[in-house]
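Please open the structure in your viewer and keep the selection tool at hand, since the tour below moves from one selection to the next.

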Amino acid sequence: MAEQSDQVSQALDQVLARFAERVRYIGIRHGLTGSDVEDLLQEVRLRLWKALESDEKILGAPASYVHRTAVSAALDVLRRRRARRETPARLSRPSGLSVLGESPAADRMVEEMELQDQVGRALEQLIPARRSVVKMYLSGYGREEIADLLGWTEPKTRNLLYRGLSDLREKLTAMGIGPEALQ
Amino acid sequence: MSDDRLRRSYDMLLAIRADTGNDRGGCPPVERIASLIRREEDEDSRLALLDHVMACPFCQPEFELLRVAERASGEQARTTDP
């Protein structure tokens, strides 16, 4: 019995090894926390074990089956979190607050907050296609990722992003925020 | 203002939104966020959805988790299955 359990565990390790490596690599690169990534891996492992049960079936599962399992596992992890009203951890991208230092002077902090408010308001004034692209870009997505998500060509994405950023700067300038703002 | 400076300001804006409330009444269901990754809706709907997700400190990490699951396992399926 224990031997059979070990074999199933080894089969799961083998099937999930490459997936786990990719999830960790892509996830951490995109700012997910370690617990997000581990929750997902654990859920996928549990689902494969429950659905396939034997080491032979697990080892024989096509990658497309693992793919479908991974996507539905991610959905379930998120549904459960929402049902428990858990607040998702923020993506761990370099925060502007750390750039200011731990105890920024009060006047600097006020300037920063005003600037953020103006950036937020200026963004909302952009036309929808440019606004979404600019928000993605400011969130750290590259042009290729944006093009892929929207199903656009790279030149179309580049054009909308360039025009969107240009519009954003124009609107900020009209609000009195010049190129030298809070360098 | 440089792109990096704009990014920092935007990141701080989202950090403040995250700290000042977690009312998710206006957030789309996770199934719709997943449909965004699979490009299932028309372009206008996708743009409207992305507009929310990219400005919401709660939906953005959910979007990333779904995208990671899709990408990590999808790449493997494309390269190994017949």
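Begin by selecting Arg131(A), which in this predicted model is buried, with a relative accessible area of 14%. Add Glu124(A) to the selection: the two residues form a salt bridge in which the closest N and O atoms are 4.0 Å apart, and Glu124(A), at 40% relative accessibility, counts as partly exposed.

Next, widen the selection to the helix α7(A), residues 128–138. How many of the eleven residues of α7(A) are buried? Ten of them are, so the helix is largely enclosed by the rest of the structure. Besides Arg131(A), the buried residues of α7(A) include Arg130(A) and Lys135(A), and also Val133(A), Val134(A), Met136(A) and Leu138(A). If you display their surroundings, you will find that these buried residues pack against α6, α8 and α9 of chain A, together with α1 (3–19) and α3 (43–55) of chain B. Just past the helix, select Gly140(A), which follows α7(A) and has a positive phi, near 105 degrees.

From α7(A), cross into chain B by selecting Asp3(B), which has its place in helix α1 of that chain. With residues up to four places away in sequence left aside, Asp3(B) touches Tyr137(A), Leu165(A) and Arg169(A), and Tyr137(A) is one of the buried residues of α7(A). The side chains of Asp3(B) and Arg169(A) are joined by a polar contact of 2.5 Å, while Asp3(B) itself counts as partly exposed, at 24% relative accessibility.

Now colour the model by chain and look at the interface as a whole. Here 72 residues of chain A are in contact with 59 residues of chain B, and the two chains bury about 5900 Å² between them, 61% of it on carbon and sulfur atoms. Across this interface there are nine salt bridges and 16 residue pairs in polar contact, counting pairs with both residues at pLDDT 80 or more. Several helices of chain A, among them α1 (2–29), α2 (34–52), α6 (106–124) and α9 (154–174), each supply at least two residues of the side that touches chain B. Which helix gives the most to that side? It is α4(A), with twelve residues. Sorted by class, the side of chain A that touches chain B has 41 nonpolar, 15 polar and 16 charged residues.

Three selections show charged groups that link the chains. For the first, take Asp148(A) and Arg39(B), which form a salt bridge with their closest N and O atoms 3.5 Å apart. Asp148(A) lies in helix α8 of chain A and Arg39(B) in the loop between α2 (30–37) and α3 of chain B, so the pair joins two chains. Asp148(A) is partly exposed, with a relative accessible area of 49%, and Arg39(B) is likewise partly exposed, with 39%. For the second, select Glu43(B) and Lys156(A), a salt bridge whose closest N and O atoms are 4.0 Å apart. For the third, select Glu43(A), Arg47(A), Asp76(A), Arg79(A), Arg80(A) and Glu31(B) together, since these residues are linked in a network of salt bridges.

Return to chain A for a pair within one helix, Glu154(A) and Arg158(A), whose side chains meet in a salt bridge of 3.1 Å, N to O. Both residues lie in helix α9 of chain A, four residues apart, about one turn of the helix. In an α-helix there are 3.6 residues a turn, so residues three or four places apart point the same way. Glu154(A) is partly exposed, with a relative accessible area of 28%, and Arg158(A) counts as partly exposed at 41%. Over all chains, the count of salt bridges comes to 27.

Finish by showing each chain in turn as a cartoon. Chain A has nine helices and zero strands, and 44% of its 183 residues count as buried. Its accessible surface comes to about 10100 Å², of which 51% belongs to carbon and sulfur atoms. Chain B has four helices and zero strands, with 59% of its 82 residues counted as buried, and it exposes about 3300 Å², 46% of which is supplied by carbon and sulfur atoms.

Notes:
Residues are numbered from 1 along each chain as its sequence is written. Chains are lettered from A and ligands numbered from 1 in the order in which they are written. This is a predicted model: local features need pLDDT of at least 70, side-chain atom pairs count only at pLDDT 80 or more; totals for chains, interfaces and linings use all residues. Side-chain values use heavy atoms; hydrogens and water are left out. Buried means under 20% relative accessible area, exposed over 50%, partly exposed in between (1.4 Å probe, protein chains only). Accessible areas come from the Shrake-Rupley method with a 1.4 Å probe; for residues, only the protein chains shown count as cover. Contact means heavy atoms within 4.5 Å. Buried area is the accessible area (1.4 Å probe) that two parts lose on being put together, summed over both. A polar contact is a pair of N or O atoms within 3.5 Å; within protein, one must be able to donate a hydrogen and the other to accept it, and residues adjacent in sequence count only if both atoms are side-chain atoms. Ala, Val, Leu, Ile, Met, Phe, Trp, Tyr, Cys and Pro count as nonpolar, Asp, Glu, Lys and Arg as charged, and the others, Gly among them, as polar.
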